[in-house]
Amino acid sequence: MDLKKKRRIGESIIQGFLFLAAALSILVTIGIVYELGTEAMLFFTRKQWENTNKVITQSLEPGFTEFIVSESGATINEGDLVRLRSEEMLVVNVQDERLKVVRGAEDTEPVFHNEGTTLEKATQVTFLEFFGKTEWNPQIGKFGIWALVNATLMTSLIAITVALPVGLSVAIYLSEYASHRFRSILKPILEVLAGIPTVVYGYFALTFMTPLLRYIFGVDVVEIYNTASAGIVIGILIIPLVSSMSEDALSAVPNGLREASYGLGATKLETSLRVVVPSAISGIAAAFIVAISRAIGETMIVAIASGAGPNFTFNPFKAAETMTGHIVRISGGDLSYNSLDYNSIFAIGLLLFFMTLILNIFSHWIVKRFRKVY
Amino acid sequence: MNATQDEEIRLSMSEDDYFADTKKLSKRHALSKIWHVIFAASTLVGIVALTALLLNVFNNAFGYIALENSIQPEELAIDGVSIEEMSKENLVTILGDHVSKGLMRRFESGMTWEERSRENVYNLVLERVVDPKSVAQWTLYESLFKVNEIQQEMTEKYTEANLIFKSWITPSFITLPQSSNPLNAGVRTAILGSLWIIFISIVFSFPIGVGAAVYLQEYAKDSFVNRIIQTNINNLAGVPSIIYGILGLALFVRALNLITSGAVFGYTDPMTANGRTILSAGLTLGLLILPLIIINAQEAIKAVPNSLRQASYGMGATRWQTIWNHVLPSALPGILTGTILAISRAIGETAPLVVVGASTFITFDPDGPFSKFTTLPIQIYQWTARPQDVFRNIAAGAIIVLLILLLSMNAIAVLLRNKYSRRL
């Protein structure tokens, strides 16, 4: 009798397929980074031609490298890339209205140009402009991401100010005070709250929270679209997240610690706040960070309630468009694939992806690094 | 603490110390009680928010509206016969008198007047000639408690209009297609779109998700690659949904345009707009729920007791036989519950579908994976985003439909779980 281990081809094939299924998730991540990355690169390298409102004052032969332009219009500096019809030129010297150029830059053909041909200048979105400016207005070529990031940070900050105290209190109550029966009522309610689609929350923000804020603070102070209302409702949305993650952390604290605390004469509050919460602080911190990440990525609430138009403001009662809100708005129309708008979606998306990814990895790291194993 | 003990303690310390300590102690207990109340009150926030949200939706979904007709039906009567009793021929004449010739031709090219029933023509007259419009809406609360003020407003501002109580959610709201007139708009197109997309995303992600979970729980050793896969899945679950939308736009709509628009299958419908199809949307949502399905299925498989596997190996079964015949059936209720929860997430998802390119206005039903789409949440978003108030009411109606759909999904999840767990 042959007792050797039998090779089973079928089993190996199945295992191979299952591995591929698991490995697909890696492909998804690579796909996200690759697609977002390449399109975002296009955003930073794509030339945009802008009319300078200048014309050349004489006709220009193919061999000439100097010409005079009209006085009006935008200023042109050394090193700028300019264009007459389809021929591109690199400006090497500027003296008043006299330009010295290298003809036929970027592999274009030097050709004859008539007097009065308009001069165009290339603009490119630089990293410096993207990360250094606060005005976002694609129509006039302004791409300062801070207008959008600021609104995102504001809604997230408001959301976390609502969700952290409430969520943590709920978690403490559920884990330290509540009876079994009360827990069995409250937990499903929180689950329902977490399961409601965000577009419904958006509706809630616009038709309930905004009128409420306008009633409290005055119609003149609070605009119809504002970041405060969106932020508060995002806060309500993430309360279940904060409370359930924190409660898991609190429940994992062994009872011995509580009993020891009571034995020393501590009250219930002192036990909860000075013994149980510090012991579970890593889990609570992780919940806090995941909640921020969720708030940053939240889309429909801000798309509906926080306004359509980038606006760099610190006033929570004013309209301001967030990163996610902007992506939704400009992709809602028919978007041409070869436009700067299309590429800008990917640049914003990539930034958003890394912001949330770093927060999520950070939260995992906190749990791993600071978790106390009892 | 009885009296003698208390007496002993009192004797052991000075009088001031004793009173100071008891005072401090009662203060501490008072503080503890106050915070007990605060913690308890914070749990109310969730309940209050949920109640406010639901009440707000219902408040907008029902209420009085002021209905104004372009032409009063009485004015259309011919020889004292009202339009309700009029013959089809007379109704066609009325229609011809009041709408443009081009529109009449369009009606006729759709279906000739002979083919149309009297009912159909009558509805056309109501829609196109009488053309009722809602000029003002009141919420349910106002309709119930401020009837006098509403009536006063009616007599002052809307003298031409009729006051009727309107429920924005009706059977016809579910069966009618989308329309630019909020009084005739329905959500049938959107519901069908949602169902199609869910179907495709499940067909795509259920086998892959469960396969991945089986691999990670049953086969994977603690190697570097497997650890990366596991970490990666956890991170993917935290990626904002809109990022998946952007991925879907670049990958399915653009790069795989030929497949998702159906061109490689010889499907050339001029109506399909370059890859912005049900298939693209379904695959995008499939990627979105994949990590959720994997994580839930992993939990379910983890919960299967090891003795079951060992008994199976002991009987001489191979690894796959053990998994297929014992592990998966035991884990099935958990896997199904997790999958249904993932589906309810997908049903409510809006942002990725906007990015992938949901249509803003379609009135025809989707007829396959290569047609344009809209879904229920998209519809709600578009109606909510309109400036006219009347669309808020109709959005509230759509929200109720969506919430009922989600609620029944979750009920199915619970039922399935109960049924299977009893059998096993």
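Start by selecting B:Glu349, which counts as buried because its relative accessible area is 7%, under the 20% cut-off. Keep in mind as you click around that this is a predicted model. Now add B:Arg345 to the selection: the side chains of B:Glu349 and B:Arg345 meet in a salt bridge, 3.0 Å from N to O. This partner sits differently with respect to the surface, since B:Arg345 has a relative accessible area of 32% and so is partly exposed.

**More charged pairs**

How many salt bridges does the structure hold over all chains? There are 14. For another one, stay in chain B and pick B:Arg227 and B:Asp222, whose side chains form a salt bridge at 3.3 Å, N to O. Is B:Asp222 buried or exposed? With 64% relative accessibility, B:Asp222 counts as exposed. B:Arg227 comes out as partly exposed because its relative accessibility is 43%.

Hop over to chain A and select A:Arg258 and A:Glu176. Here the closest N and O atoms of the salt bridge are 2.8 Å apart. The pair ties together distant parts of the chain, 82 residues apart: A:Arg258 belongs to helix H7 (residues 255–263) of chain A, and A:Glu176 to helix H3 of chain A. Colour them by accessibility if you like; both A:Arg258 and A:Glu176 are buried.

While you're in chain A, show A:Arg183, A:Lys187 and A:Glu247 together. These three are linked in a network of salt bridges.

**A helix on the inside**

Next, select residues 281–297 of chain A, which make up helix H9. Its 17 residues should span 24 Å at 1.5 Å a residue, and the end C-alpha atoms are indeed 24 Å apart, so the expected and modelled lengths agree. Try a distance label between those two end atoms. Why call H9(A) largely enclosed by the rest of the structure? Because 12 of its 17 residues are buried. Among them are A:Ile284, A:Ile289, A:Val290 and A:Ile296, along with A:Gly283 and A:Gly297.

**A nonpolar patch on the surface**

Switch to a surface view of chain A and highlight A:Phe127, A:Phe131, A:Trp146, A:Leu153, A:Phe312 and A:Phe314. Together they form a nonpolar surface patch with about 630 Å² of accessible area. Which helices each supply at least two residues of the patch? They are helix H2 (127–132) and helix H3 (146–177) of chain A. You have already met helix H3, as the home of A:Glu176. Zoom in on A:Phe131, found in helix H2 of chain A. A:Phe131 counts as partly exposed, because its relative accessibility is 39%.

**Two charged patches**

Keep the surface on and bring both chains into view. A:Lys5, A:Arg7, B:Lys221 and B:Arg319 make a positive surface patch. Pick out B:Lys221, in the loop between helix H9 (188–219) and helix H10 (224–237) of chain B. B:Lys221 counts as exposed because its relative accessibility is 64%.

For the last stop, select B:Glu74, B:Glu75, B:Glu84, B:Glu85 and B:Glu160, which form a negative surface patch. Where does B:Glu160 lie? Look in the loop between helix H7 (147–157) and strand E3 (162–167) of chain B. At 55% relative accessibility, over the 50% cut-off, B:Glu160 counts as exposed.

Technical notes
Residues are numbered from 1 along each chain as its sequence is written. Chains are lettered from A and ligands numbered from 1 in the order in which they are written. This is a predicted model: local features need pLDDT of at least 70, side-chain atom pairs count only at pLDDT 80 or more; totals for chains, interfaces and linings use all residues. Side-chain values use heavy atoms; hydrogens and water are left out. Patches are made of residues with over 30% relative accessible area and no salt bridge: like charges are joined within 9 Å, nonpolar side chains (Val, Leu, Ile, Met, Phe, Trp, Tyr) within 5 Å. Accessible areas come from the Shrake-Rupley method with a 1.4 Å probe; for residues, only the protein chains shown count as cover. A salt bridge is a side-chain nitrogen of Lys or Arg within 4 Å of a carboxyl oxygen of Asp or Glu. Lys and Arg count as positive and Asp and Glu as negative; His and the chain ends are not counted. The place of a charge is taken as NZ of Lys, CZ of Arg, CG of Asp or CD of Glu. Helices (H or I, at least four residues) and strands (E, at least two) are DSSP runs, numbered from the N terminus. Buried means under 20% relative accessible area, exposed over 50%, partly exposed in between (1.4 Å probe, protein chains only). The expected span of a helix is 1.5 Å times one less than its number of residues.
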